[in-house]
Amino acid sequence: MTDQAYNFAYLDEQTKRMIRRAILKGIAVPGYQVPFASREMPMPYGWGTGGVQVTAACLVPEDRLKVIDQGADDTTNAVSIRKFFQRTAGVEVTEATAAATLIQTRHRIPETPLTRGQILVYQVPIPEPLRFLEPRETETRKMHELEEYGLMHVKLYEDIARHGQIATSYDYPVKVEGRYVMAPSPIPKFDNPKLSGNPAIQLFGAGREQRIYALPPYTSAVSLDFDDHPFQASKAPHHCDLCGAKNSYLDEVITDDHGGRMFVCSDTDYCAGRRAAGQKGRLWSPEPQEAAP
Amino acid sequence: MTLMETMVATDRPLLKVEGLTKGYGPRIGCAGVTFDLWPGEVLGIVGESGSGKSTLLSCLAGHLRPDLGSIHYDGRDVLAMGETERRCLGRTDWAYVHQNPRDGLRMGVSAGGNVGERLMAIGARHYGEIRGKAVAWMDRVEIAADRVDDRPSAFSGGMQQRLQIARNLVTSPRLVFMDEPTGGLDVSVQARLLDLMRGLVRDLGLSVVIVTHDLAVVRLLAHRLMVMKSGHVVEQGLTDQVLDDPQHSYTQLLVSSVLQV
Ligand SMILES: Nc1ncnc2c1ncn2[C@@H]1O[C@H](COP(=O)(O)OP(=O)(O)O)[C@@H](O)[C@H]1O
Ligand SMILES: [Mg+2]
């Protein structure tokens, strides 16, 4: 049920039109950061206000919305954003990646491959991949304009010089369609290959920094690297202890104070789906938990 | 080949500057500066503080846009170039050595990263090769290879300046601009740096425009001199000729060190 005190999806139509224009421009120029006039949202920055505004501008009443935070549907952040749109847009919600038409995410790309017609909206804290090396906004803009990206490799060079390998493991920069260098938001570099050639529309919203950028379907996004230190989409060298998945991104969970730990899929929908299909991990004992109402 | 032979062998100057003028509001920065720089030639620009040396150098290097005049590099009209092309020249064919190494180095990046940056900027993508070249260039400017991962903030002033030079020369530029490169260094450190610079300029056949207020620097390095006063060039000629037999009264004052410069 829609709360009638709000316009559909909270933002007024004029604001949504302004955001849609920025999104369309972003789609027309993949990887390019489009400035937009970010609005105050009834939640603090850092809670994904950029992503929320992009979602609000994209939602239609027929949508089925999924919201994840670090891969999970049930964290405080994900739950409150999902509730927000249930209340203000009255859209259906789901936890199933395959059933969702629009997915808002913080820090992960779902394991289940996305399909044509889906939209993935990322919450972005720092949209500028050059920020760490060049704090001046005027200069970074110029560097994008003139394709002066040598500095990105200086950062990777420093990584190898200091750690023996490229230590950057989150928000690993990509070059989009051979043109703009883009920050994929703090997803693990394990997810980087999924950015590229994805059939879904990928939209990135940064609220505090007032930037929107996009990867249209089937756009190439190449992770930067060196010939002799190639990019590797690494993860913990384990299987999921609940569903046994070999190729999904894992969180390490401390299970007791004697050093006990386990590895579980960070994507909770993917993990539950595999267990429902009968897959078992090392530590999976379904009965006690599953029996509870 | 001697310099004279090189100059005879090439039929056009590397840099051709005509009527270069830049004002700051009503104040003159530099005015009507005209000269040619030939391949392999070192041109010294001297004059007291405020005479327009840095303004001229900034205009030449594309950091400042002159109000009037023209600059041709290797036959190409520099002022008619787009910014992309000019900045590309700035990190390939040209180099700029700042007086203060802090302006020319990335203090938060290792020595190897500082030297390697220009290589990466023009597309080098092999870590081992970039590092190898960085070490080779550090060796060339007399910085030990085991300092390759140290940040320049841990270096002495003289080392920082040598690192800045290595960082600039790694892409084999043809034209180097230097603004008071020995300023702010101890006398003994200056002497070593000058000696090093003289060797590099000779071995690499660099063309250089060097700004200084120190006549000892130009006597050692420069083939030719331009003397500036209040934004104007008052005298130019071969270095020894200008220093040993100055014609303009201002140059005479400068040489006799009556002027505190
Ligand atoms: N940014 C500026 N704004 C206004 N005046 C300037 C600026 N930079 C230099 N000038 C003036 O231009 C003249 C030449 O200065 P400069 O080129 O720095 O001389 P030099 O390098 O020989 O000391 C001086 O009168 C100086 O005060
Ligand atoms: Mg000066």
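Colleague: What makes up the shell around ligand 1, by class of residue?

Modeller: This is a predicted model, to begin with. The shell around ligand 1 has two nonpolar, seven polar and three charged residues. Glycine counts as polar here.

Colleague: Which residues surround ligand 1?

Modeller: They belong to chain B and include B:Tyr24, B:Arg27 and B:Ile28. B:Lys53, B:Ser54 and B:Thr55 are also among them. Strand 2 (27–37) and helix 2 (53–61) of chain B each give at least two residues to this shell.

Colleague: What makes the approach of B:Thr55 to ligand 1 a polar contact?

Modeller: An N or O atom in the side chain of B:Thr55 is 2.5 Å from an oxygen atom of ligand 1. The cut-off for a pair of N or O atoms is 3.5 Å, so the pair qualifies. B:Ser54 brings a polar side-chain atom to 2.8 Å from an oxygen atom of the ligand. B:Gly52 uses a polar backbone atom, 3.1 Å from a ligand oxygen. Ligand 1 taken alone exposes 560 Å², and the protein buries 61% of that.

Colleague: Why is B:Glu41 called buried?

Modeller: Its relative accessible area is 2%. Buried means under 20%, so B:Glu41 is buried. B:Glu41 sits in the loop between strand 2 and strand 3 (42–46) of chain B.

Colleague: What does the side chain of B:Glu41 make a polar contact with?

Modeller: It contacts the side chain of B:Arg224, at 2.5 Å. A polar atom of the B:Glu41 side chain also lies 2.9 Å from the backbone nitrogen of B:Trp38.

Colleague: Why does A:Asp171 count as partly exposed?

Modeller: A:Asp171 has 23% relative accessibility. Partly exposed lies between the 20% and 50% limits, so the label fits. This residue is in the loop between helix 5 and strand 6 (174–176) of chain A.

Colleague: What is notable about the phi of A:Asp171?

Modeller: Phi is positive, about 50 degrees, although A:Asp171 is not a glycine. Most residues other than glycine have a negative phi. B:Ser230 also has a positive phi, near 50 degrees, and is not a glycine either. B:Ser230 lies in the loop between strand 9 (224–229) and strand 10 (232–238) of chain B. At 43% relative accessibility, B:Ser230 counts as partly exposed.

Colleague: How many residues line the largest pocket, and which lie nearest its centre?

Modeller: There are 31 lining residues. A:Glu139, A:Glu148, B:His63, B:Arg87 and B:Gly90 lie nearest the centre. The pocket holds about 1100 Å³ of space.

Colleague: Which element gives the largest share of that pocket lining?

Modeller: Helix 3 of chain B does, with four residues. Other elements supply at least two residues each, including helix 4 (137–145) and helix 5 (150–163) of chain A. By class, the lining has 10 nonpolar, eight polar and 13 charged residues.

Colleague: How many cavities of 30 Å³ or more does a search of the whole structure find?

Modeller: The search finds one. About 40 Å³ of space lies in the largest cavity.

Colleague: What classes of residue line the largest cavity?

Modeller: The lining has eight nonpolar, no polar and no charged residues. Among them are B:Ile165, B:Val176, B:Met197 and B:Leu206. Val, Leu, Ile and Met count as nonpolar, so these fit the class. Helix 8 of chain B gives the most, with three residues. Helix 7 and strand 7 (175–179) of chain B each supply at least two.

Terms used
Residues are numbered from 1 along each chain as its sequence is written. Chains are lettered from A and ligands numbered from 1 in the order in which they are written. This is a predicted model: local features need pLDDT of at least 70, side-chain atom pairs count only at pLDDT 80 or more; totals for chains, interfaces and linings use all residues. Side-chain values use heavy atoms; hydrogens and water are left out. A residue is near a molecule or strand if one of its heavy atoms lies within 4 Å of it. A polar contact is a pair of N or O atoms within 3.5 Å; within protein, one must be able to donate a hydrogen and the other to accept it, and residues adjacent in sequence count only if both atoms are side-chain atoms. Accessible areas come from the Shrake-Rupley method with a 1.4 Å probe; for residues, only the protein chains shown count as cover. On a 1 Å grid over the protein atoms alone, a cavity is a set of points where a 1.4 Å probe fits but cannot get out, and a pocket is an open set with protein on both sides within 12 Å along at least five of seven lines; lining residues have an atom within 4 Å of a point. Grid points are joined across faces, edges and corners, and a volume is the space filled by probe spheres set on the points. Buried means under 20% relative accessible area, exposed over 50%, partly exposed in between (1.4 Å probe, protein chains only).
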